[in-house]
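Subject: Structure handover

Hello,

Here is the structure I said I would pass on. My notes on what was found in it follow below.

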Amino acid sequence: MLSVKNIVKYYGKNCAVDHLSFDVKNGEIFGLLGENGAGKTTTFRIIMGLLDSDSGSVTLDGKKIDYSVTDDIGFLTEERSLLTKMTVKEQILFYGALKGMDEDSILKKLDDLLKEFGILDYKNRKIKELSKGNQQKIQFIAAIINDPKLLILDEPFTGLDPINVELFKKHIRILQNKGCSIIFSSHQMEHIEQFCEKLVILVKGKSILEGYIKDIKKDYRKKNIFIKGDIDVEKIKKIPGVIEVIKNIDDYMVKIESDEIVSKVFKSISKNNITKFLVEEASLNEIFIAKVGEVK
């Protein structure tokens, strides 16, 4: 288990991480969210032992993270960190050796992963000759070549088409089932909702929202009603508790303040020709925008 306890990091007078705490259990996928500059990268670097926090502690399975522990960590950075003049094989041999792996183990694992991601023929190609999507695959392979106990994924789906996103998702689930603790960061909130049970949202290095996603959504009382059919938009807008009515391509989305408004909206259209009436919790994207906006 990864345990982050009350870490603080200053750059001069700027507080990049402000008393941040969270735990990631074995086999858990945890979301660390925030706008650019919120403190995520600094947090990642502290977790990996690349930066020292000014106070607080970070442990993996009860051990302080230092060079004796970092071999058990994998990190996929948002920015490409590949050496483009190397071949795929040379690149992964280099990263594997940094993690204390022997050459035979690296090459066997590399072949298995290249085959899984459909790029076995690229083993002896230079990184610079690969497409952006295939470079992202190599970067992912480099992050997991050591079967890490802790994996940090910062925007892992950058440059990938939907088919390859699904390949990544499948392997992330494999790692989760092996007990790997995973920190997942993305600006694409639908991916966070698909993967993560718990999350923290950072603003200027400070947690402004944390907990289980299901509880966060429950506590955020606003809901969305999706309606398809003949409706009087202006009549619905006048219902107390209706925030907004949005026309989509083939339905309407009615934003409401709470569950109590659902029956009022339903009553107002019950005599109309309605083929769809669906109540959903607010999306994580809506909650993120609202919560970040409250503190800015």
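Helix 1 lies across strand 1, strand 2 and strand 4, and runs at about 120° to strand 1. Please keep in mind throughout that this is a predicted model.

The strands under helix 1 belong to a sheet. That sheet is open and has 4 strands in the order 2-1-4-5, with antiparallel pairing. Strand 2 (14–24) and strand 5 (63–64) are the edge strands; each has a single partner strand, so one side of each is left without a neighbour in the sheet. Strand 1 (residues 2–11) and strand 4 run antiparallel and are joined by 5 bridges. Within the sheet, Val4 stands opposite Val58 of strand 4. As a general reminder, the strands of a sheet pair through backbone hydrogen bonds, in either a parallel or an antiparallel way.

Helix 1 and strand 4 also turn up in the pockets. The second largest pocket has a volume of about 210 Å³. Both helix 1 and strand 4 (55–60) give two or more residues to its lining, and the largest share, 4 residues, comes from strand 4. Residues lining this second largest pocket include Ile46, Ile47, Gly49, Val58, Thr59 and Lys64. By type, its lining divides into 5 nonpolar, 5 polar and 2 charged residues. Val58 therefore appears twice in these notes: it stands opposite Val4 in the pairing, and it is among the residues that line the second largest pocket.The largest pocket holds about 670 Å³ of space. It is lined by 25 residues, and those closest to its centre are Met48, Leu50, Phe75, Tyr95 and Lys99. At least two residues of this lining come from each of helix 1 (40–47), strand 6 (73–76), helix 2 (88–98) and helix 4. The lining of the largest pocket divides into 10 nonpolar, 8 polar and 7 charged residues.

Helix 4 has a packing partner as well. Helix 4 (residues 132–144) packs with helix 5 (residues 162–177) at an angle of about 5°, and their axes are 12 Å apart. That angle makes helix 4 roughly parallel to helix 5. On the side of helix 4, the contact is made by Gln136, Lys137, Phe140 and Ile144; on the side of helix 5, by Asn164, Phe168, His171, Ile172 and Leu175. The residues of this contact divide into 5 nonpolar, 3 polar and 1 charged.

Further along the chain there is another sheet. Here 4 strands form an open sheet in the order 12-13-11-14, and the pairing is antiparallel. Strand 12 (242–247) and strand 14 (274–281) are at the edges, and each pairs on one side only. On average, neighbouring strands of this sheet are turned by 20° against each other, with direction ignored. Strand 11 (residues 223–229) pairs with strand 13 (residues 252–256) in the antiparallel sense over 5 bridges. Ile225 stands opposite Val254, which is in strand 13. Helix 9 (residues 262–269) packs on the sheet and touches strand 11, strand 12, strand 13 and strand 14. The direction of helix 9 makes about 170° with that of strand 14.

Regards

How values were computed: Residues numbered from 1 in each chain as written. Predicted model: local features only at pLDDT ≥ 70, side-chain atom pairs only at ≥ 80, totals over all residues. Heavy atoms only, no water. Pairing = 2+ DSSP bridges. Axes fitted to C-alpha atoms, helices over the stretch in contact; angles between N-to-C directions. Contact = heavy atoms within 4.5 Å. Parallel < 35°, antiparallel > 145°, perpendicular 65-115°, else oblique. Nonpolar A, V, L, I, M, F, W, Y, C, P; charged D, E, K, R; others polar. 1 Å grid on protein atoms, 1.4 Å probe; cavity = no way out; pocket = protein on both sides within 12 Å on 5 of 7 lines; lining within 4 Å. Points joined across faces, edges and corners; volume = space filled by probe spheres on them.
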